Amino acid sequence: MARPMISVAGIRGIVGESLVPEEFLRYILAFATLCEGGPVVVGGDTRLSRHMMRHLAFAGLESAGCEIHDIGLVPTPTVGLMVRELGARGGIAITASHNPAQWNAYKFFGPDGSFLSAAQNRALLDVAASGAFRRAPYRELGRVKSRNDAIARHLEKVFAVVDTAAIAGRKFRVAVDCVNGVGALIMPPLLEGLGCTAEYLYTDTEAEFPRNPEPLPENLTELGELVRSSGADIGFAVDPDADRLAMVDNTGRPVGEERTVVLASLALLDRGERGPLVVNLSTTRAMDDVAERFGVELHRTPIGEAHVVGKMRDTRALCGGEGNGGVIYPRVHSGRDAATGVALVLEAMARGQVRSAELNARIPDYVMVKTKFGVEGQDVAALCRRVADAFAADARIVTDDGVKAVFPDRWVHLRASGTEPVVRVFAEAPSLEAANSLVKRVGEITAAPHELPGS
Ligand code: MG
């Protein structure tokens, strides 16, 4: 049997292959045990396997005596936010995020409403391996309480941190691609509340994803066309669980999801807020430029939302996120949240009296190449050492997560994926040729098969 992928991003697999109920139930039982039978919030995205995953989670939680707050179809950040609102012991989001439809996963939240820390995750794995699960006697089995107010409560928090009147005053026209995920449930009330008129693609939460659901530029062609045909000021695309946000500018050109967190940070700094920024090692260096422009610190962490959120807490950060379109603004929620990103970007457009292309032009342009190397059976740590040695003479080497070689105006980062059995290689430079040449050099050093875009 193929093994599920287990990381700080949860336990995920392909239905019928690496996702089988007996294996996934162990993690639910372990989580319920760590929650000591306390209340747990459960919600998730629209993929077809959601029913199986939900019943399985409920059975495990009930058996341990956990009261279940079933919040239904909701964005992943809404689960975390409701854990805090309800004072629950934990939360579970049933979603494989941007993975294709055959995947699903459980993502676990601690009582603080954030994903489990590395230490909490280790405790979860230990309990899952031990099989020493909490069992409730029959009178104390958990019960399910359904609630339908989660998205409204999430939006209250978003509306509280932006100038809704200023945004509404501009009467923006917006195009949105919800990829038939839970964005279809949060984007309409969000945009209505901000006084925007919106046209939508893919809002059927009972239908399958119409395309590869990752909001990468190559998947946003239709959104670009809708932006142009409807004369929209901006286009927004979210992944199936609506934590990641990508944009298309008013000319129909994808902005690139790397730039979402940069534009959101710029929006906050521009309105006078100050504090450190936190992103992961692979996020665009446009973040360094913005931090420098406003004289604030920028911290970089290993990949994974849990690492970013941990560092944000330690540094009392203003804002942070990841270059995959994840914006984290702790005043709303300590996790990536597309709704917050939409509100901040629209506010920046309203304040600056600009459309999206002009807003985007305010941050420096770099070209990032993201590719995967097939390295089956190879020692990834040894590959990283070889890459570090090869670049050490002329670059600063960072080894917090894989290996990153940083030059004054470009960088390349190689690391084992936490969600797929590959090594990811990202490079960023002022031009595509320069970024590709960094990837090529890593390819020569590791002798691993890979593809380069645009060449
Ligand atoms: Mg996601």
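**Warm-up.** What share of the 455 residues in the chain do buried residues make up?

Let's set the ground rules. This is a predicted model, where local features need pLDDT of at least 70 and side-chain atom pairs count only at pLDDT 80 or more, while totals for chains, interfaces and linings use all residues. Residues are numbered from 1 along each chain as its sequence is written, and side-chain values use heavy atoms, with hydrogens and water left out.

*Solution.* Step 1: pin down the word. Buried means under 20% relative accessible area, exposed means over 50%, and partly exposed is in between (1.4 Å probe, protein chains only). Step 2: read off the share. Buried residues make up 60% of the 455 residues.

**Exercise 1.** Describe the overall build of the chain.

*Solution.* Step 1: count the elements. You'll find 15 helices and 20 strands; these are DSSP runs numbered from the N terminus (helices H or I, at least four residues; strands E, at least two). Step 2: check the spread. A compact globule with 455 residues would have a radius of gyration near 23 Å, and the chain's 21 Å agrees with that. The radius is taken over C-alpha atoms, and the globule rule is 2.2 Å times the number of residues to the power 0.38. Step 3: look at the box. Along the principal axes, the C-alpha atoms fill roughly 65 × 55 × 40 Å. Step 4: look at contacts, meaning heavy atoms within 4.5 Å. Of the contacts in the chain with a separation of 6 or more, 68% come from residues 24 or more positions apart.

**Exercise 2.** Find the protein donors of the magnesium ion and say how they are spaced in sequence.

*Solution.* Step 1: know what counts. Donors are N, O and S atoms within 2.8 Å of the metal (3.2 Å for Na, K and Ca); water is not among the atoms, so sites may look incomplete. Step 2: list them. Ser97 gives its OG atom, while Asp239, Asp241 and Asp243 each give OD, at 2.0 to 2.1 Å from the ion. Step 3: write the spacing, which is S-x141-D-x1-D-x1-D. Step 4: check the cover. Aspartate 241 and aspartate 243 are both buried.

**Exercise 3.** Work out how strand 19 sits among its partners.

*Solution.* Step 1: recall that two strands pair if DSSP finds at least two bridges between them. Step 2: take one partner. Strand 18 (residues 403–406) pairs with strand 19 in the antiparallel sense over four bridges, and a hairpin of four residues joins the two. Here lysine 404 stands opposite histidine 413. Step 3: take the other partner. Strand 20 (residues 423–429) pairs with strand 19, again antiparallel, over six bridges. There tryptophan 411 faces glutamate 428. Step 4: check the cover. Five of the six residues in strand 19 (residues 411–416) are buried.

**Exercise 4.** Is phenylalanine 391 buried or exposed?

*Solution.* Step 1: locate it. Phenylalanine 391 is in helix 14 (residues 380–391). Step 2: apply the cut-off. Phenylalanine 391 counts as buried because its relative accessible area is 0%. Step 3: see who touches it. Leaving out residues up to four places away in sequence, phenylalanine 391 touches Ile397, Ala405, Phe407, Val412, Leu438, Arg441, Val442 and Ile445. Step 4: compare two kinds of distance. Phenylalanine 391 and lysine 404 are 13 residues apart in sequence and 9.3 Å apart in space, C-alpha to C-alpha.

**Exercise 5.** Trace some salt bridges that link distant parts of the chain.

*Solution.* Step 1: define the pair. A salt bridge is a side-chain nitrogen of Lys or Arg within 4 Å of a carboxyl oxygen of Asp or Glu. The whole structure has 32 of them. Step 2: try arginine 50 and glutamate 206, whose closest N and O atoms are 3.0 Å apart. Arginine 50 is in helix 2 and glutamate 206 is in the loop between strand 9 and helix 8, 156 residues apart. Arginine 50 is buried at 12% relative accessibility, whereas glutamate 206 is exposed at 56%. Step 3: try aspartate 112 and arginine 313, at 2.7 Å. This pair is 201 residues apart in the chain. Aspartate 112 is partly exposed at 29%, and so is arginine 313 at 39%. Step 4: look for a network. Glu85, Arg147, Asp149, Arg153 and Lys157 are linked by salt bridges.
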